[in-house]
Every structure is written in structure tokens, then in C-alpha cells.
Amino acid sequence: MQLKTILNRVQKFKSFVYGNIRWVEDAKAPTIEAELRSRTNSRPVCSGCSHKRRGYDRLPMRRFEFVPMWGIKVFFLYAPRRVDCPTCGIRVERMPWSEGKHRLTETYAWFLAGWAKRLSWKEVAEAFRTTWDHVFCSVEMAVTWGKEHRDLSGIGAIGIDEIQWQRGHKYLTLVYQIDAECRRLLWIGKKRKVKTLLGFFRWFGKERTRKLDYICSDMWKPYLRVIAKKAGHAIHILDRFHIMANLSKAIDKVRAQEVKELKDKGYDAVLTKSRWLLLKRPENLTEKQETKLADLLQYNLKSIRSYLLKEEFQLFWSYKSPYWAGRFLDKWCTKTMRSKIEPMKDIARSLRQHRPLLLNWFRAKGQFSTGIVEGFNNKAKLTTRKAYGFKTYHAAEIALYHALGALPVPKVAHEFF
Ligand SMILES: [Zn+2]
């Protein structure tokens, strides 16, 4: 079987044929070049308007990288024609294997983008002996195509979340679709301001917003304001993940303060190395940690009392009826307000303030599993943290859409990976 036969099987182009195929001597890596030629008498297609036009002239030969085979690099060689188009002027013809000025064929770009879902961009570049930039361009192409072709109908529930990225207090706002049948990242915005989320609703459009039934978010004020203004009709839920995360943050604060106080008073540092004990659920502790927790519980420390308050609060989520959940919440808040532990009192205050939104959790019960937003949050953090080597917002955005957007892929691209 000839190589030409194989190429015609896997990648045939209408109006173009394969010409000479040769092994390139003296190349740095093993390389094959395959010439492409336009069919005799075929007229070139204008890249501006997609109409067949009269040929004008021919440009020098260009190389387009194709999917490598057996560790051998494969290039297509083609001298593009230019057309004399009455609408667009003198233009380069459209080539079905490549878009615009890219040096990679589209098939190869889809191939790289596919691998970039499983490996880091650096690993993909190494595995296929290409550059980080080529991987980036490929993923960017896949994301652009996917966003243009995704279906945004039937979105009933969204979750709004923020993640920190880069160092310092830099945030991204992420909006997910969290319907049972479709969960994906829909939108990314810079920062976490009123303006940010307004940007989402502007993009999402009034028509789709009207069809939203549920919105999950944390207690971040700018988000609450925008949601009330733009989607007042939807049931707004403060979700479990964010509330428990806030409680953990409060405990962390109490502990840090107390460690310092104890040290200043010259007490033994019973609380050092106890951070994870107090943040983990009891069922997740190791045996050694369990013993240490039992030790700690003998002391009437603020940290310990905060920890117990948090553990008690877990019960809240097990209620079935909003009424009884509300009663529990009120009691817990009263108790916490009397604890004289400031960070915990702050939490109780804000829970009281958002009582109706919290109880919406029970009204929407059964609609969402608790872990959706949390799962996305972890994956998003991992994506931005992983050594993708991106410094810019644009690259982070592309990486997040690629990893979490569940974006569609054209049919032809499936055949190569
Ligand atoms: Zn044209």
C-alpha cells in the first residue's frame, strides 16, 4: 500500500489531489512531505466570500503540518493560488485543510487540542515534538469553534462562583450551567464586581434569563445585587459548598488569632499543627488526628468551640422541610451570637440576613446534588494552577473553556484520536 492511498483514506480533499510524497533527507527529525495539487481545471475559492473565482496568480510553496505518524513528522506542501474576486479584490484561495495563516492543518490542530484535554499543554508539546505556542493556538482554535457552535438552549439552572487566580487578590467570575442533564462552564469574566456579573447577563440575553429557574451563588454582595436586579424571578439559592467554605475560613481566623494569644501568654502551643484537624470532617480524620482532636477537645478554646459550632451546623443540610430548617438556623444563630467569638458571630449575622435565600436550598431540594459547584470549583483551580505556563488572562480563559466548557467538536476531528 502506498502512503498516498492511506492519505486518501484518512484525509481527502475535494478539488485537490496528492502529488509527490517524499522522505526528507537531512531533516532534524524524521520527516515526510506530501505535495498537494489543485485538480486540473478546478477554479480556486475566494477566502473572503467563499465563491469560485478566476485565478490570478500563484504564491510560493507553503508547508502545513499534519498529524505525525510513527513519530515521523508529516507536512503538506502547497503553493496557494490567488483569486481575482470582484467583491473582495485579490485574495488568497480557501484551502480546506487550513484556516487563515496557520501553519498547522486543522486536523492536526484538533488532534493537539484533543490531547490538551488529557495532558498539560507542556506535556502535549513534548509528546508530539511541537511547541507550546502551537498547542496554545490549537486549543484556542478549538475553543473558538466550540463556542460558536454550542447550543445555549434549555438552560434552567446556573451556578455563579469565583476563583482566585495569579497571586494577590485577583478573581475570575465563572458561571456554570448546573442542570442535571447538562453541566458545563458557560461564561468567564474578569474580577468579581457588579460590572462583571452584569456583563454575564448582557451576554446571556433577556430571553434566556427569563427562562432561568434556579441560580446558585455565594453571599458575595455584588453577585446578590445583580441577581436580584436581573433575575428576580428565579429561585436564588445560597449553596452549601460556599457556606461551609465561609465557616472554615472563620475557624481558620479564630485559630490563627488564638495561637497568637496563647503564645503571647506563654502557654504551650496546643493549637499548632491543628489546622487540618479543625477543618476536616471527623469521618475523614486519620487515627493519629483523631487522638489529637480528642486531646484538644478537653480545652475550652475558642477554636474548639468554633469547630463544634461548625460541626453542629452540618445538621442544617439534613433537614427536609424549609420550616424546620429555619427553626434550626435561628437557634444556631442565637447560640453563635452568644459565643463571643467574633468571626463566628459575623457568619451568624450574615446567615440571618440571608435567611430566605438559605431556605431556598430546601425549596429546591432534589434539583441539585451538593457537589456540582464544588466539583467545578476544584477543577477550575486545578486548571489555572497547573503548569500550563500561561501568564495572560486570555490564556487562562482559553484553558478554562477547554477543560470545563464541554464544547462541541466537529465530526471529522474524531477520527484521529
Ligand atoms: Zn471574494
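Trp203 is partly exposed in this predicted model. Its relative accessible area is 32%. Phe204 has a relative accessibility of 1%. Phe204 therefore counts as buried, since the cut-off for that class is under 20%. The value for Trp203 lies between the 20% and 50% limits, so Trp203 falls into the partly exposed class.

Trp203 and Phe204 also form an aromatic pair. A pair of aromatic rings is described by the distance of the centres and the angle of the planes. For Trp203 and Phe204, the centres lie 6.0 Å apart. The planes meet at 35°. The pair is tilted because stacked rings need planes under 30 degrees apart and edge-to-face rings need over 60. A search of the whole structure finds 31 aromatic pairs.

Eight named rings belong to one aromatic cluster: Phe13, Phe16, Tyr18, Phe64, Phe66, Phe76, Tyr78 and Trp97.

Two arginines place their charge over a tryptophan ring. The charged end of Arg118 sits over Trp115, 4.9 Å from the ring centre. For Arg192, the ring is that of Trp220, and the distance to its centre is 3.6 Å.

The largest pocket holds about 1,800 Å³ of space. Its lining is made up of 47 residues. Closest to the pocket centre are Phe241, Ala245, Asn246, Lys249 and Lys381. By class, the lining divides into 19 charged, 14 polar and 14 nonpolar residues.

Several secondary-structure elements supply at least two residues each to this lining. One is a strand, E8 (157–164). The helices are H8 (240–264), H9 (275–279), H13 (342–353) and H15 (372–385). Helix H8 gives the most, with 11 residues.

The chain as a whole has 16 helices and 12 strands. It comprises 417 residues, of which 47% count as buried. Its radius of gyration is 29 Å. A compact globule of 417 residues would have a value near 22 Å. Along the principal axes, the C-alpha trace spans about 90 × 50 × 35 Å.

Technical notes. Residues are numbered from 1 along each chain as its sequence is written. This is a predicted model: local features need pLDDT of at least 70, side-chain atom pairs count only at pLDDT 80 or more; totals for chains, interfaces and linings use all residues. Side-chain values use heavy atoms; hydrogens and water are left out. Rings of Phe, Tyr and Trp (its six-membered ring) pair if their centres lie within 6.5 Å; planes under 30 degrees apart count as stacked, over 60 as edge-to-face and the rest as tilted. Buried means under 20% relative accessible area, exposed over 50%, partly exposed in between (1.4 Å probe, protein chains only). A charge sits over a ring if NZ of Lys or CZ of Arg is within 6 Å of the ring centre and within 35 degrees of the ring normal. On a 1 Å grid over the protein atoms alone, a cavity is a set of points where a 1.4 Å probe fits but cannot get out, and a pocket is an open set with protein on both sides within 12 Å along at least five of seven lines; lining residues have an atom within 4 Å of a point. Grid points are joined across faces, edges and corners, and a volume is the space filled by probe spheres set on the points. Helices (H or I, at least four residues) and strands (E, at least two) are DSSP runs, numbered from the N terminus. Ala, Val, Leu, Ile, Met, Phe, Trp, Tyr, Cys and Pro count as nonpolar, Asp, Glu, Lys and Arg as charged, and the others, Gly among them, as polar. The radius of gyration is taken over C-alpha atoms; the globule rule is 2.2 Å times the number of residues to the power 0.38.
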